[in-house]
Structure formats: C-alpha cells, structure tokens
Amino acid sequence: MITSLYRIQAICFKELMQLKRDKMTFAMVIMIPLVQLVLFGYAINTNVRHIPVAVVDHSQSALSRVLVQTVAATQVVTFSHHFDDIKSAQEALEQAQIRAILIIPQDLSQRVVRHASLGFALPDSSDEQTGRPIAQWLVDGSDTMVAGAIKGLRNMPLAELLSKPANRSTPTFEVTLFYNPEQRSAVNIVPGLVGIILTMTMIMFTSAAIVREREHGNMEMLITTPIRSIELMLGKIIPYIFIGLLQVAIILGLGYLVFNVPINGGLWALFCITLLFIAASLALGLVISTIATNQLQSMQMTIFVLLPSILLSGFMFPYEGMPEIAQYIAEALPATHFMRLVRGVILRDVCFTDMLPDVYWLSAFTFAGILLASFRFKKTLD
Amino acid sequence: MNRDSAPDLIIQAKQLSRNFGDLKAIDKLDLNIDKNRIYGFLGPNGCGKTTAIRMLTGLLKPTSGEIRVLGLTLPQDAEKLRLKMGYMTQKFSLYDDLTVKENLQFIAKIYGIFGATQNKRINELLSTYGLNQKQQQLAGSMSGGQRQRLALAAATLHKPELLFLDEPTSAVDPENRRDFWEQLFDLCQQGTSILVSTHYMDEAERCHKLAILEDGIKRADGSPEQLMNNIAAHVVEIEAEGLRHLKQQLIQLPEVVTAAQLGARLRVLIKSSVTNPIDFLQHHTEIVTNKISIVRPSLEDVFITCTGSRRQ
C-alpha cells in the first residue's frame with residue numbers, strides 16, 4: 001500500500017518535471033484560459049448591434065430624415081449606404097455590403113399621421129389605411145440573429161418622430177430579469193468558458209500524456225516494472241487535476257476582475273463541482289489514451305468530443321432550443337452537466353444538493369471512465 | 001526431482017510459438033538456459049529475437065507453448081517476475097527530458113527503493129557506469145554509448161537475478177561495445193544471469209551459449225566452440241587470381257554452401273557430405289594444392305551454414 005502510494009507519487013513527480021521542462025506546454029496551460037477568456041469575454045455578444053444597412057428614401061422629406069436618425073439612435077443598425085433605387089440597394093445586399101434595406105415610401109407623412117400608435121387622428125377601424133406600416137425593411141434573413149434584431153425594430157415607438165410625448169401603452173407583461181439584469185453576455189459566457197477550456201485541456205493533456213509514453217517507447221520499459229495500471233493512471237492524472245484547478249482560478253478570477261462576473265455561490269460548492277468535472281474529463285482522456293496509438297489520433301478524438309461540448313452543451317446555444325435527439329446527445333457529455341452546475345452555482349447560488357442528477361451523472365461518468373481505462377490498459381504488448 | 005524445475009535452469013521454454021496473423025514470428029522454440037551465464041540470441045533483423053524476449057519477459061502472450069522463468073510460469077506469474085528481472089529495450093526507453101539522476105531516481109521509486117538505500121545504490125551505479133560527471137545532464141542530450149550505460153544502470157538498479165538485453169549495442173561504437181561487454185561479465189560474475197540478443201558475430205562469440213534464430217526457428221544452439229566444432233561444413237580458403245570469376249564458378253556447385261571474398265582470399269564453405277574438400281576443389285577448379293587450405297571455422301561460418309537455406 002505504501003509502495004503503491006510511492007509509485008503514484010513517483011509518476012506525479014516525473015510528470016511535473018517533464019511539464020516544467022516543456023516550456024511550451026506550460027505556457028499553454030496559462031495562456032489558453034487567459035487569452036480565450038479575454039477573447040471570448042469581449043467577442044461573444046448575443047446582443048447584435050450596429051448592423052450595416054442601407055436606406056432608400058423615396059420621401060426625401062425632413063420627416064424621413066428624422067425617421068432614419070431615430071432608427072439609427074437605437075444602435076441596432078448603422079446606415080452605411082444610401083441608394084436612390086431599390087435595385088442598386090438589392091445588389092449591395094447580395095454583395096453582403098449591407099444586411100438590410102430600409103425603404104421609406106413617398107407617402108411617409110400620410111402613413112405616419114394615420115399610424116395608430118401616434119393616436120393622432122383616430123380613423124375608423126374599417127379604414128384599410130390604418131394598419132399600414134410607415135416603411136419597409138428588406139432583410140438578409142440567413143443569419144437568424146441579425147434578422148431577429150431587425151425584427152425587434154418592428155414595434156419601435158414613433159412618438160419621438162414628432163417630438164411628442166410617447167403615448168405609452170401598458171405592456172401585456174411585466175418582465176423582471178434575475179441574475180443578469182444588465183443582460184451582459186459575459187455573465188453567461190465566463191462560467192461556461194470554464195467548462196469548455198477544461199474539456200479541451202484536460203482531455204488533451206491526459207490522452208496525450210499516456211500516448212506520448214507509448215510513442216517514445218517509455219511504455220515498454222514501464223510495463224516491465226512492478227507498477228500497476230491503476231497506479232500509472234492515477235499518477236498520470238493527479239498533476240493535471242491541479243493544472244485544471246489553476247485554470248479555473250485564472251478564468252473565474254479574471255472574469256471577476258475584468259468582466260465583473262460575480263461569484264454568487266459558495267466557493268466550496270464551486271470547488272467540488274469543478275473537481276468532479278475535471279475528474280470526468282480526465283477519465284475521458286484516459287479512455288481516449290487507451291484507444292489512440294499516436295498523439296495525432298488522440299488530438300482528433302479530443303476535437304471529436306470538444307466540438308459537441310461547445311455547440312451542444314448550452315455554452316453557445318440554449319439547450320432547450322435543441323431537438324430532442326440532440327438533447328440526448330448533449331446529456332451524455334460531461335460538459336452539459338457541468339455547464340448547468342457551474343452556472344447554477346456561480347450565477348444563482350443554487351445549493352449543491354438541488355442539482356444532484358448532474359452530480360450523479362458526472363460521478364458515474366468518472367467512475368465508468370476510470371474503470372474502462374484500467375480495463376482496456378493492459379501491461380502487455382499483445 | 002521434477003525436471004521442470006531444475007534449479008540450475010533459469011529459463012525453460014517448450015514448443016514456444018507466437019503468430020502475428022499468418023506470420024509465425026516464433027515457431028516451436030525450445031530453450032534451456034543455465035543460471036549465471038550469458039546466453040545469446042543471434043539472428044538477422046526480423047528473425048524473432050525481440051518477440052522471443054518479449055514472451056520470456058511476460059510482455060507478450062505466447063500463441064502456444066510453455067514458459068518457466070526463474071521458476072515462475074508465464075504469462076500467469078508475469079507480475080511476480082517483474083521484481084526479479086531487468087529489461088533493457090532495443091530502443092532507449094528512459095525519459096529524454098529527465099536528467100540521468102532523475103531517471104534513476106524515478107526507476108528506484110518505481111521499484112520501491114527509497115531514502116539512503118536509494119542514494120547509495122544510485123551513486124554506486126553512477127560510478128560503475130561512468131556517469132558521475134553526467135548526472136545533471138538530460139538523457140536526451142547524451143551520446144549513444146552514454147545512454148546505453150544509463151539504460152543498463154536503470155535495468156540493474158533493483159539488482160535483478162535475470163537481465164534481458166535486446167540488441168543493447170546497436171547504437172554504440174566498437175570501443176563502447178567492448179566496455180559494455182566487460183560490464184556484462186562483471187554482472188555475470190556477481191550472479192546475474194543474462195540473456196542478450198544481437199546480430200553481431202563478435203558479440204555472439206562472447207556469450208557462454210547461444211541460439212541461432214532464423215525466421216522464428218532455432219537453427220542451432222550451444223557454446224560458440226561447440227557450434228564451431230560441430231559445423232556441418234568444411235571451411236576452405238583459396239588464394240588465387242581471378243577470385244570473382246572463381247566465386248561465380250564455385251557457387252554453381254550444389255556442394256558449396258557459400259563463397260565470400262576476404263581481400264586476396266576466397267573463403268568457401270563446402271558441405272560436410274564431401275569427404276575431402278581439397279580434392280573436391282581441385283577436381284572442379286584448376287588451383288594448385290598449396291594455395292588451398294582448410295581453416296578453423298568462425299561463428300560467421302556457423303551462422304551462414306545454419307541459415308543458408310534462406311539464401312538458396
């Protein structure tokens with residue numbers, strides 16, 4: 001038992017020495033979370049703004065100019081082009097110089113006056129002119145997020161147009177935003193990024209660490225020594241647990257300092273779920289290492305797991321919006337469960353025990369992974 | 001007394017075979033290797049030397065056959081064997097990015113050697129193998145000879161009873177090879193049994209006993225002297241002009257195993273079925289008697305005679 005611990009410690013120590021000498025890998029341990037956090041924290045923004053659009057103004061009136069200014073003031077769009085006819089505007093749309101075209105009709109002023117929201121002249125409901133919008137958007141609808149942002153302009157208040165106090169109607173619903181009232185994307189992205197970066201580095205490091213021994217011929221020597229498979233596995237993953245925790249500290253620390261992402265939950269709960277997720281990712285890395293025969297293969301398998309972890313785990317797109325089959329696939333990924341756990345703890349201060357299904361899944365995944373890896377790893381060359 | 005566990009035999013193999021798909025890497029190999037001796041596997045590349053060693057160390061499971069090493073039955077007792085044996089792989093298998101000392105410390109810990117014992121043993125090895133000056137150097141930056149000495153130090157760190165060396169000198173210059181063999185004899189004298197594979201004749205000749213392997217089959221075994229005495233051929237050297245032409249002429253004859261030129265001489269192996277090789281040669285060529293002489297066979301002659309079937 002004691003010698004067993006010594007052997008595990010020997011492997012850990014050796015692994016750390018090698019890591020210390022491998023300056024590039026050591027740099028990546030720090031740089032991956034650092035650079036990616038800053039990059040994604042700033043870059044990923046689900047509030048679409050400043051979409052380049054063109055205006056075709058058939059009205060050419062003071063009112064139309066005020067309308068363009070009012071729309072521009074929402075900051076959703078930026079009027080980068082002006083065209084005299086729709087045809088040339090459409091060409092610009094095709095060439096992707098702009099994402100949408102605002103067409104202002106000649107009878108803008110009549111339409112504005114009759115527009116219901118202004119409550120100016122209240123025409124009969126039978127008057128077919130009543131319901132007419134005052135202008136039209138032609139939108140490149142291929143990107144649903146861009147299209148959605150412009151659709152959001154449909155019910156823009158018009159009162160400002162005539163420097164008249166808004167004729168506010170009572171909204172149907174009152175909406176109160178919890179956990180991220182300012183609607184900053186970083187608040188959602190930063191905790192998610194913990195899961196993505198850990199998935200990437202943990203799976204890659206462990207799978208490569210064992211495959212590298214095999215590639216360099218060290219494995220042939222190791223398996224002729226009295227070391228046991230499980231000792232080798234544990235010795236290999238323990239150093240990376242600390243590396244994983246270091247990366248989490250970097251991401252959440254910077255997230256707090258730079259992006260002002262609060263950590264509402266307890267640090268202890270955060271530590272536990274992170275440790276659990278690191279263990280699950282390392283176990284997956286070990287399984288990969290028993291399948292892959294060279295580092296390129298292990299890298300490819302890591303990417304195979306990484307991509308769905310980014311796209312299906314709820315990091316980028318809401319889990320609820322996915323079709324049922326995709327949800328089943330997502331459920332199998334450790335990243336999906338960690339995404340729920342970490343956002344729960346960091347943003348909503350959810351109690352650990354309220355998320356037991358996810359905790360159970362990650363534990364079962366880790367256990368099965370280590371078992372499978374030890375089972376597959378044989379101390380022979382057959 | 002059960003012959004299966006004869007105390008002076010350190011390795012016993014019976015009808016040992018290993019197939020990789022259709023390829024018979026080792027075919028019905030019988031081995032009886034004495035304790036406290038250096039035993040050699042001599043054979044060309046791809047003859048099954050490494051496969052045989054891997055089976056005897058428990059790294060590969062035999063397709064059929066029985067193995068007993070140090071009284072342990074393989075592959076079942078492979079784990080027990082690992083404490084008692086050392087294995088030096090063909091390719092350098094320690095860590096290039098650790099220093100000499102770190103590599104040895106790592107191996108020591110794996111074998112459960114700690115503290116003062118560890119320091120003492122490592123210092124012993126460093127001075128035995130002339131690595132004192134190199135202990136802080138990364139293994140990857142050392143020369144072939146130094147790395148091989150480090151590998152031997154690592155393989156003998158836990159003082160194994162049995163040492164397997166798989167082509168230990170393939171990346172080493174002749175002088176280092178000499179020193180290396182001196183060290184092997186030192187180890188042998190201290191009670192270690194050694195099994196070494198090689199494709200160098202001069203190394204094979206240093207072994208107490210050896211087996212000649214070809215295509216996974218044992219062609220001959222015994223001490224080098226025995227093998228040379230029992231060679232199934234006469235070795236004749238001819239001194240003459242026009243040796244290239246003479247050689248072409250001779251190798252056409254079914255009784256001639258092979259002919260190879262050595263400077264101004266032609267060394268001819270003639271099957272032992274020919275009773276008087278000098279008469280035979282004179283009969284078939286036009287050479288005067290005093291330019292033909294029967295010489296003592298070398299191990300290379302034995303090797304060529306044993307493995308000749310493949311060339312024809």
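These are my notebook entries on a predicted model with chains A and B.

**Entry 1: chain A as a whole**

I started with the secondary structure of chain A, and I got 14 helices and four strands. Then I looked up the overall dimensions. The C-alpha trace of chain A spans about 95 × 45 × 40 Å along its principal axes. I also checked the radius of gyration, which is 29 Å for chain A, while a compact globule of 382 residues would have one near 21 Å. Next came burial: 35% of the 382 residues of chain A count as buried. Last, I looked at contacts in chain A with a separation of 6 or more, and 79% of them come from residues 24 or more positions apart.

**Entry 2: domains**

How is chain A divided by the domain assignment? I found domain 1 written in two pieces, 15-44 + 189-376, and domain 2 as 51-162. The C-alpha centres of these two domains of chain A are separated by 48 Å.

I did the lookup for chain B too. Chain B has domain 1 at 3-227 and domain 2 at 232-296. For chain B, the C-alpha centres of the two domains lie 39 Å apart.

**Entry 3: helix 2 against helix 7 in chain A**

I picked helix 2 (residues 23-43) and helix 7 (residues 185-215) of chain A, whose axes come within 10 Å and cross at roughly 145°. I noted the crossing of helix 2 of chain A with helix 7 of chain A as right-handed. Which residues make the contact? From helix 2 of chain A I listed Ile32(A), Pro33(A), Gln36(A), Leu37(A), Phe40(A) and Gly41(A). From helix 7 of chain A I listed Ala186(A), Ile189(A), Val190(A), Leu193(A), Ile197(A) and Thr201(A). Sorted by class, this contact of helix 2 with helix 7 of chain A has nine nonpolar and three polar residues, and no charged ones.

**Entry 4: helix 13 against helix 14 in chain A**

Further along I tried helix 13 (residues 334-348) and helix 14 (residues 356-376) of chain A. Their axes come within 9 Å and cross at roughly 145°. Is the crossing of helix 13 of chain A with helix 14 of chain A left-handed or right-handed? I noted it as left-handed. On the helix 13 side of chain A, I wrote down Pro334(A), His337(A), Phe338(A), Arg340(A) and Leu341(A). They meet Asp358(A), Trp361(A), Leu362(A) and Phe365(A) in helix 14 of chain A. By class, this contact of helix 13 with helix 14 of chain A comes to six nonpolar, one polar and two charged residues.

**Entry 5: Gly344(A)**

I stayed in helix 13 of chain A to look up Gly344(A). Why does Gly344(A) count as buried? I counted 21 other C-beta atoms within 10 Å of Gly344(A), and the cut-off for buried is 20 or more. Leaving out neighbours within four places in sequence, Gly344(A) is in contact with Val350(A) and Met355(A). I also checked Gly344(A) against Ile310(A): they are 34 residues apart in sequence and 18 Å apart in space, C-alpha to C-alpha.

**Entry 6: where chain A touches chain B**

How many residues of each chain are in contact here? I got 21 residues of chain A and 23 residues of chain B. Helix 1 (2-21) and helix 8 (218-222) of chain A each supply at least two residues of the side of chain A that touches chain B. Helix 1 of chain A gives the most to that side, with eight residues. By class, the residues of the side of chain A that touches chain B are eight nonpolar, seven polar and six charged.

**Entry 7: Asp382(A)**

I found Asp382(A) in the segment after helix 14 of chain A. Asp382(A) counts as exposed because it has 9 C-beta neighbours inside 10 Å, and the cut-off for exposed is 12 or fewer. Apart from neighbours within four places in sequence, Asp382(A) is in contact with Leu60(B) and Lys61(B). Asp382(A) and Ser289(A) are 93 residues apart in sequence, and their C-alpha atoms are 16 Å apart in space.

**Entry 8: Thr285(B)**

My last lookup was Thr285(B), in the loop between helix 10 (277-284) and strand 14 (292-294) of chain B. Thr285(B) has 15 other C-beta atoms within 10 Å, so it is partly exposed. Not counting residues up to four places away in sequence, Thr285(B) touches Leu246(B) and Gln249(B). Thr285(B) and Gln249(B) are 36 residues apart along the chain, and 8.5 Å separates their C-alpha atoms.

Key: Residues numbered from 1 in each chain as written. Chains lettered and ligands numbered in written order. Predicted model: local features only at pLDDT ≥ 70, side-chain atom pairs only at ≥ 80, totals over all residues. Axes fitted to C-alpha atoms, helices over the stretch in contact; angles between N-to-C directions. Left-handed = near helix turned anticlockwise from the far one by under 90°. Contact = placed C-beta atoms within 7 Å. Nonpolar A, V, L, I, M, F, W, Y, C, P; charged D, E, K, R; others polar. Rg over C-alpha atoms; globule rule 2.2 N^0.38 Å. Domains from an automatic or database assignment.
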